[in-house]
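Student: I should like to take a close look at a single part of this protein. Could you please guide me through one helix and then place it in its surroundings?

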Amino acid sequence: MNYIQQAYKGLHDWWRYLVGTIVIFAFWQIIGMIPLLIFLGIEIMNGADLKAATDITKMSAMLGNNLFLFLMLFSFAIGLVGVILSAKVLHKQSFLQLTTTRPKIDWKRFWYIFIIWGIFSIGSTLLSYYLAPEDYVFSFNLKPFLILSVLVIVLIPLQTSFEEYFFRGYLMQG
């Protein structure tokens, strides 16, 4: 059985995808954005420019890069919860069924592509540096780096997983 055929194992009426998309969007763009709105509201009440709340660069400067990144990525993590709940409740599909047609997740395949993609990313970055070293600036501060590392390691996989499950999986099945 291929992945597309697996979509028909659960309940797949058109209205379930419509309701599920609304639920997922609400989790992602409403519930997930509440923390960002709270932090922006606090900054505005403390005298920050209201116009800054409509400009991503200004919001990032106002809140700090790491906090802003966390708040933006948090919404995707909440959106992923919406995808999982919609699949379970509306479509009677497990998270495993959203992920693979196999009886369990094949971690060897996961790590293989992770390593291949890592080699490609590192290689292209090194090539870019070799071709145009003037485009790079070295600045290292341990504390912000460690905070950013934790954010990236934990939240970027949740963000990319949300996008894959929602845009390539959920919406394509509907």
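Tutor: The account below begins with one helix and then moves outward to the cores, the surface and the charged pairs. Please bear in mind that this is a predicted model.

Let us begin with helix 4, which covers residues 56-63. Four of its residues, Met59, Ser60, Met62 and Leu63, are buried. Viewed down the axis of helix 4, these buried residues fall within an arc of 165°, so they line one face of the helix. The face turned away from that buried side carries Thr57 and Ala61, which are exposed. The cover over the buried residues of helix 4 includes helix 3 (34-45) and helix 5.

Helix 5 leads us to the interior. Spanning residues 65-91, helix 5 supplies at least two residues of the largest nonpolar core, as do helix 2 (14-31) and helix 8 (142-173). This core has 16 residues, and those with the most contacts inside it are Ile24, Val83, Phe162, Phe166 and Tyr170. Phe166 may serve as an example: leaving aside residues up to four places away in sequence, Phe166 touches Thr21, Ile24, Trp28, Val83 and Leu171. Another core, of nine residues, lies apart from the largest one. Met33, Ala52, Phe68 and Leu71 are among its members.

Nonpolar side chains also appear on the outside. A nonpolar patch on the surface is formed by Trp107, Phe110, Trp111, Tyr112, Ile113, Phe114, Ile115, Ile116 and Ile119, with about 1000 Å² of accessible area together. Ile119 belongs to helix 7, which runs over residues 107-131. Its relative accessibility is 57%, and because exposed means over 50%, Ile119 counts as exposed.

Finally, we turn to charge. Side chains of opposite charge can pair when their charged atoms come close. The count of salt bridges here comes to two. In one of them, Arg16 pairs with Asp13, and the closest N and O atoms are 2.9 Å apart. Arg16 is buried, with a relative accessible area of 14%, whereas Asp13 is partly exposed at 36% relative accessibility. Arg102 forms a salt bridge with Asp106, where the closest N and O atoms are 3.1 Å apart. Arg102 is partly exposed at 37% relative accessibility, and Asp106 is also partly exposed, at 25%.

How values were computed
Residues are numbered from 1 along each chain as its sequence is written. This is a predicted model: local features need pLDDT of at least 70, side-chain atom pairs count only at pLDDT 80 or more; totals for chains, interfaces and linings use all residues. Side-chain values use heavy atoms; hydrogens and water are left out. Patches are made of residues with over 30% relative accessible area and no salt bridge: like charges are joined within 9 Å, nonpolar side chains (Val, Leu, Ile, Met, Phe, Trp, Tyr) within 5 Å. Accessible areas come from the Shrake-Rupley method with a 1.4 Å probe; for residues, only the protein chains shown count as cover. A salt bridge is a side-chain nitrogen of Lys or Arg within 4 Å of a carboxyl oxygen of Asp or Glu. Buried means under 20% relative accessible area, exposed over 50%, partly exposed in between (1.4 Å probe, protein chains only). A nonpolar core is a set of buried Ala, Val, Leu, Ile, Met, Phe, Trp, Tyr and Cys residues joined through side-chain atoms within 4.5 Å. Contact means heavy atoms within 4.5 Å. The arc is that of the directions from the helix axis to the C-beta atoms.
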